[in-house]
Amino acid sequence: MHKECTTPYARVDRVDDLDDTHLLDSSIERRPSKSRLLCSLPWLRHGVLMSIMMLFFTLWVRAPSIDDVVLYSPANEAIQSIGIIRFNGSLGAHSVFRGSPSPEIDAAWDRISLDARPLRMTLEQLLRTGEKPSPSMVRYPDEYGGGYVATVEVIHQLHCVDMLRRVSWHDESYGHDSNASPEESRIHLDHCIEMLRQNIMCRGDVTMLTYDWVKGAKDPFPNFNIPHQCRDFEKVLDWVDEHRVFVPKSKVVRLEDNVNLPSPP
């Protein structure tokens with residue numbers, strides 16, 4: 001329990017000779033400034049403590065979570081949300097990417113997945129991604145602007161999906177490499193499956209699927225026509241094409257200071 005903060009007053013024993021005005025002036029002693037400060041200290045401490053707590057709470061609420069931290073990429077400037085898009089997941093839905101391989105369908109897939117679409121990264125950009133320059137890294141010759149050879153992951157992922165599509169239709173051109181042996185093609189295909197698995201698990205899409213009873217179906221049927229938060233892929237593709245580096249393949253060679261890795265990374 002806090003002690004009551006009181007103001008001391010001086011007692012006046014003899015007032016017979018004093019008039020009323022004198023009595024009023026001399027019988028009341030004003031509160032000393034030091035005493036007033038001591039009485040205010042508990043409230044001041046309480047106010048400061050509450051202010052500090054509110055400051056830390058505000059900083060905690062506004063601080064980004066680990067999922068909000070964006071990994072740097074020069075292509076981040078191309079990222080743009082197109083809002084909530086409802087997927088078309090019906091089993092027989094029409095799509096320009098769907099169906100038996102044909103020149104039209106293959107062209108649709110090639111537009112989004114064919115070739116690595118090589119880009120250029122400067123040393124500063126490479127360091128911002130968290131990577132460190134290595135003597136084994138492929139660089140463009142100075143005559144073509146220098147810099148590190150790079151590409152965006154989404155093109156590679158779509159290339160992997162295209163491989164699975166072609167294999168499912170027994171299309172022998174799925175690897176785009178007629179010189180590959182069956183063993184090499186199998187390794188390439190397994191690599192793509194593993195990369196897609198890691199990416200799907202990394203993204204961890206928790207969009208909810210509902211189920212319906214469907215006439216003629218014994219079991220509940222999932223509804224894949226659900227909304228997702230989407231990015232504008234065409235904007236990313238446009239950015240890649242705008243920054244694409246066109247260098248003859250014969251010019252992308254080992255430079256004098258390059259060394260070979262003992263095995264693929």
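This passage describes how two helices and several aromatic residues are placed in the structure above. The model is predicted, so local features need pLDDT of at least 70 and side-chain atom pairs count only at pLDDT 80 or more, whereas totals for chains, interfaces and linings use all residues. Residues are numbered from 1 along each chain as its sequence is written, and side-chain values use heavy atoms, with hydrogens and water left out.

A good place to begin is helix α3, residues 103-113; helices (H or I, at least four residues) and strands (E, at least two) are DSSP runs, numbered from the N terminus. Its buried residues are Ile105, Asp106, Ala108, Trp109, Ile112 and Ser113, where buried means under 20% relative accessible area, exposed over 50% and partly exposed in between (1.4 Å probe, protein chains only). Viewed down the axis of α3, these buried residues fall within an arc of 155°, so they line one face of the helix; the arc is that of the directions from the helix axis to the C-beta atoms. Pro103 and Glu104, on the other side of α3, are exposed. The buried residues of α3 pack against α5 (153-168) and α7 (233-243), with contact taken as heavy atoms within 4.5 Å. Just after α3, Asp115 takes a positive phi of about 70°.

Trp109 of α3 also takes part in the one aromatic pair that the structure holds. Rings of Phe, Tyr and Trp (its six-membered ring) pair if their centres lie within 6.5 Å; planes under 30 degrees apart count as stacked, over 60 as edge-to-face and the rest as tilted. Phe97 and Trp109 are edge-to-face, at 5.4 Å centre to centre and with 75° between the planes. Because Phe97 lies in the loop between β1 (81-86) and α3, and Trp109 in helix α3, the pair ties together parts that are twelve residues apart in sequence. Phe97 counts as partly exposed at 28% relative accessibility, while Trp109, at 9%, counts as buried.

Turning to α7, the buried residues here are Val236, Leu237, Trp239 and Val240. They cover an arc of only 160° around the axis, which puts them on the same side of α7. Their cover includes α3, β2 (119-121) and α5. At the N-terminal end, Asp232 caps α7, with a side-chain oxygen 3.1 Å from the backbone nitrogen of Glu234.

How values were computed
A polar contact is a pair of N or O atoms within 3.5 Å; within protein, one must be able to donate a hydrogen and the other to accept it, and residues adjacent in sequence count only if both atoms are side-chain atoms.
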